[in-house]
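I set out to record what can be looked up in this structure, taking one topic at a time. The entries follow in the order in which I made them.

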Amino acid sequence: MKLSPSYREYYQKSMIPMGVNDQNTYQTAGEENDSRMLLTHWLVALQGEPENPDSDFYVWRVIVYPANSEGSFKWNDPYYASPPHRCIQKAIEFARTIETCAKSDNLINSFSQKIS
């Protein structure tokens with residue numbers, strides 16, 4: 001059983017409609033749309049976590065979730081999670097890159113590292 005993540009430092013950055021190519025590729029790749037939640041958007045978020053358990057220093061990941069039009073998403077099934085960034089500004093810049101790819105209907109081709 002997966003435990004829910006700590007959202008002490010979690011910031012939803014944007015909701016971007018999936019383009020036709022991303023949506024078709026996502027579904028063709030075997031990603032199942034839950035019949036209760038039609039996944040039509042990308043939710044881009046920043047998540048911070050302590051670098052180690054005793055640290056006050058945070059590292060930041062950019063996480064992309066498939067979501068429905070209302071912003072509901074499966075917290076335990078992100079599409080993509082970046083490597084940790086030691087600087088929040090770098091994570092924000094990287095999130096902008098992801099947003100640009102999503103807006104141009106090219107997120108899956110650019111970031112095909114589906115995490116499990």
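**Entry 1: surroundings of H41**

I first listed the contacts of H41, leaving aside its neighbours within four places in sequence: M15, I16, P17, M18, Y65, P66, A67, N68 and S69. I note that the model is predicted. H41 belongs to strand β2. I then asked whether H41 counts as buried or exposed. Its relative accessibility is 14%, so H41 is classed as buried, the limit being under 20%. I also looked for polar partners and found that the side chain of H41 meets that of T40 in a polar contact of 2.7 Å.

**Entry 2: N68**

N68 is one of the residues that H41 contacts, and I examined it next. I located N68 in the loop between β3 and β4. With 12% relative accessibility, N68 is buried. Which backbone atom lies 2.9 Å from a polar atom of the N68 side chain? I found that it is the backbone nitrogen of E70.

**Entry 3: the strands**

I turned to the pairing of the strands. β2 and β3 are antiparallel and share ten bridges. Within this pairing, I noted that P50 is opposite Y58 of β3. How many bridges join β3 to β4? I recorded two, and these strands also run antiparallel. I63 has A81 in β4 as its bridge partner. For the covering of β3, I found nine of its ten residues buried.

**Entry 4: aromatic pairs**

I searched for aromatic pairs and obtained nine in the structure. Such a pair is described by the distance of the ring centres and the angle of the planes. One of the pairs is W42 with Y79, for which I noted 5.3 Å centre to centre and 50° between the planes, a tilted arrangement. Where in the chain do W42 and Y79 lie? W42 is in strand β2 (residues 41-50), and Y79 is in the loop between β3 (58-67) and β4 (80-81). The pair thus links distant parts of the chain, with the two positions 37 residues apart. I checked the accessibility of both partners: W42 is buried at 0% relative accessible area, and Y79 is buried at 5%.

I then took up Y58 and W60. Their ring centres are 6.2 Å apart and their planes meet at 35°, so I class this pair as tilted too. Y58 and W60 are both buried. I also asked which residues form an aromatic cluster with Y58. The cluster consists of Y11, Y58 and W60.

**Entry 5: cysteines**

A disulfide is a covalent bond between the sulfur atoms of two cysteines. My search of the whole structure returned zero disulfides. I nevertheless noted the accessibility of two cysteines. C87 is partly exposed, with a relative accessible area of 34%, whereas C101 is buried at 13% relative accessibility.

**Entry 6: backbone at D105**

Most residues other than glycine have a negative phi. I therefore looked at D105, a residue other than glycine whose phi is positive, near 60°. In which loop does D105 lie? I placed D105 in the loop between α2 (88-103) and α3 (107-110). Its relative accessible area is 17%, so D105 counts as buried, the limit being under 20%.

Terms used
Residues are numbered from 1 along each chain as its sequence is written. This is a predicted model: local features need pLDDT of at least 70, side-chain atom pairs count only at pLDDT 80 or more; totals for chains, interfaces and linings use all residues. Side-chain values use heavy atoms; hydrogens and water are left out. Helices (H or I, at least four residues) and strands (E, at least two) are DSSP runs, numbered from the N terminus. Buried means under 20% relative accessible area, exposed over 50%, partly exposed in between (1.4 Å probe, protein chains only). A disulfide is a pair of cysteine sulfur atoms within 2.5 Å. Rings of Phe, Tyr and Trp (its six-membered ring) pair if their centres lie within 6.5 Å; planes under 30 degrees apart count as stacked, over 60 as edge-to-face and the rest as tilted. A polar contact is a pair of N or O atoms within 3.5 Å; within protein, one must be able to donate a hydrogen and the other to accept it, and residues adjacent in sequence count only if both atoms are side-chain atoms. Two strands pair if DSSP finds at least two bridges between them. Contact means heavy atoms within 4.5 Å.
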